[in-house]
Amino acid sequence: LKLDSAVFTVSIGPARGLSFLTYTSGCRGGVLCMSQPTFQIVDASGNAVALAGVAVSAAVVASASTSDQGCCTEAKQNCPVHNLLCPILGGAKVAVSVSAGKVTFTDVSMSTAGAVQLNFTSLGSSIFESVHVRVGPAARAKIVIPPMGLVAGSAFERQPIVIASDFGGNWISSATDNITAMVTLLGCTPGDLGCGSFGTMSAQNAAGISRFTDLGTRYAGPIRLEFRLVSVPACGAVSCWSTTEVMQVSPGVPSQLVVVSATAEYFCSRNMTPPWVLDIRDKSGNRLVASDSYALSVTSTPSDQVEGTTTVQSNAGQASFQNIYITKSCYFYAYEPFELCYTLTFRLGDITVTSYPFTVLSGPATAMEFHTQPEGTSVGAPPGYPSVRLVDVSGNPVMPIPTSLPVSSSFCGVASMPSGPTVDSDKFDGVNLLPNMV
């Protein structure tokens with residue numbers, strides 16, 4: 001016996017998932033896959049559902065190590081070479097269905113060569129596909145070992161190693177092209193001390209690997225290294241240069257002392273203003289701003305004349321002698337009392353620097369003394385032509401400052417000398433003969 005029902009219609013069910021229309025294929029590292037994935041929204045039985053506005057998200061299937069530390073992100077240019085646990089999915093991660101229920105991705109790419117599994121999710125369900133990514137053509141220089149041990153004036157202790165790679169960062173072992181390096185000195189302007197780099201800025205690829213040997217900089221401060229393949233003239237919207245993170249170059253060891261203040265040629269007895277300030281610099285001229293404190297000392301020529309605090313500690317690579325002075329004026333050491341008779345020598349260990357010559361002038365007159373005593377006399381006879389002179393508090397003869405000197409007549413207070421009926425204070429040598437005393 002048989003019983004036929006009335007004719008009825010089976011309707012398409014609600015949207016439940018995705019079905020592949022085309023698979024992802026023709027992928028090379030870092031560039032768009034030639035065949036992009038497309039999908040149809042389907043019901044539970046696989047029937048096509050014409051539904052617009054359904055979002056489909058794409059992702060690389062995670063492994064135990066993919067999302068943890070050590071894997072690449074799109075913000076990092078220098079990813080591990082051939083790390084299959086860390087592929088980067090490029091392009092839009094979400095596509096939306098049109099009215100017929102069709103979903104089309106247009107710019108899927110993957111960085112890492114090898115087998116990569118993709119996951120497409122929508123409507124609470126996922127489908128997967130395995131994609132083989134091939135190595136692309138040589139396009140970029142990729143830094144695999146950055147430099148370390150950066151000290152100004154010396155070649156980097158560990159030199160960079162750079163490989164030829166495709167846009168995805170995959171090593172091109174057949175590449176023989178040269179790689180060019182560029183050192184960018186951040187915060188360094190032309191004319192600054194130590195602004196310059198040195199070394200061989202080009203290295204030949206051998207099996208796709210370039211090893212630099214003598215890169216360095218005379219500049220102490222932040223720098224960045226950049227590398228590119230010589231044979232690649234343009235890289236589209238992406239820079240052809242691969243860059244390191246910003247790195248800090250440390251100053252070298254103390255190698256020189258430089259006087260940066262106290263430019264006067266004339267000082268007053270017991271008063272050295274402005275103070276002497278010195279930089280501690282490495283051999284490239286960089287001040288050792290972050291270095292330890294060093295003890296600097298000062299001596300004079302003629303010897304043993306500098307007084308006060310003759311040993312000071314440096315701070316941030318600079319030493320200031322705020323409390324040193326010389327008592328004796330140049331009158332005691334030079335035929336010409338205004339001659340540049342003194343020099344100072346500053347010392348840090350075996351490193352020395354000697355100042356330019358300078359003059360020490362007397363201070364204001366505070367007393368009068370005999371220059372020559374009266375002698376060989378009798379009552380009513382001349383007393384041997386005695387002479388007197390004005391002296392400052394340290395016993396230096398006080399003499400008017402000639403107009404030929406580039407200082408004012410009141411410098412050191414000399415212009416305020418006392419006067420008297422028997423003292424000619426304008427005499428150049430400061431000595432006043434008293435021939436008429438009886």
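How many helices and strands make up the secondary structure of the protein? In this predicted model, the tally comes to 0 helices and 34 strands. Of the 438 residues, 43% count as buried. Sequence-distant contacts also feature: taking contacts between residues at least 6 apart in sequence, 63% of them join residues at least 24 apart.

Salt bridges come next. The count for the protein is 3. Two of these involve D279. One is with R281, where the side chains meet at 3.0 Å, N to O; the other is with R287, with the closest N and O atoms 3.8 Å apart. As for burial, D279 and R281 are both buried. D279 has a relative accessible area of 7%, so it falls under the 20% limit for buried residues. R287, by contrast, counts as partly exposed because its relative accessibility is 31%, between the 20% and 50% limits.

The E369 and R389 side chains also pair up, again at 3.0 Å, N to O. E369 sits in strand β32 (residues 367–372) and R389 in strand β33 (residues 387–391), so this salt bridge ties together parts that are 20 residues apart in sequence. Here too the burial of the partners is mixed: E369 is partly exposed, with a relative accessible area of 29%, while R389 counts as buried at 12% relative accessibility. Back at D279, the bridges share a partner, and D279, R281 and R287 are thereby joined into one network.

D43 is another matter. This residue is found in the loop between β3 (38–42) and β4 (55–60). D43 is buried yet has no salt bridge. Where is the nearest side chain of opposite charge? That side chain belongs to R16 and is 8.5 Å away, and a salt bridge needs a nitrogen and a carboxyl oxygen within 4 Å. What the D43 side chain does have is backbone nitrogens around its polar atoms: the backbone nitrogen of G13 lies 3.0 Å from one polar atom of that side chain, and the backbone nitrogen of G46 likewise lies 3.0 Å from a polar atom there. Leaving aside residues up to four places away in sequence, D43 touches I12, G13, P14, A15, R16 and V49.

Finally, the cavities. Searching the whole structure turns up 3 cavities of 30 Å³ or more. The largest cavity holds about 80 Å³ of space. Its lining is made up of 11 residues, and those lying nearest the centre are F338, L361, S362, P397 and M399.

Notes:
Residues numbered from 1 in each chain as written. Predicted model: local features only at pLDDT ≥ 70, side-chain atom pairs only at ≥ 80, totals over all residues. Heavy atoms only, no water. Helix = DSSP H or I, 4+ residues; strand = E, 2+ residues; numbered from the N terminus. Buried < 20%, exposed > 50% of the residue type's maximum accessible area, 1.4 Å probe, protein only. Lys, Arg positive; Asp, Glu negative; His and termini not counted. Polar contact = N/O pair within 3.5 Å; in protein donor to acceptor, adjacent residues only side chain to side chain. Contact = heavy atoms within 4.5 Å. 1 Å grid on protein atoms, 1.4 Å probe; cavity = no way out; pocket = protein on both sides within 12 Å on 5 of 7 lines; lining within 4 Å. Points joined across faces, edges and corners; volume = space filled by probe spheres on them.
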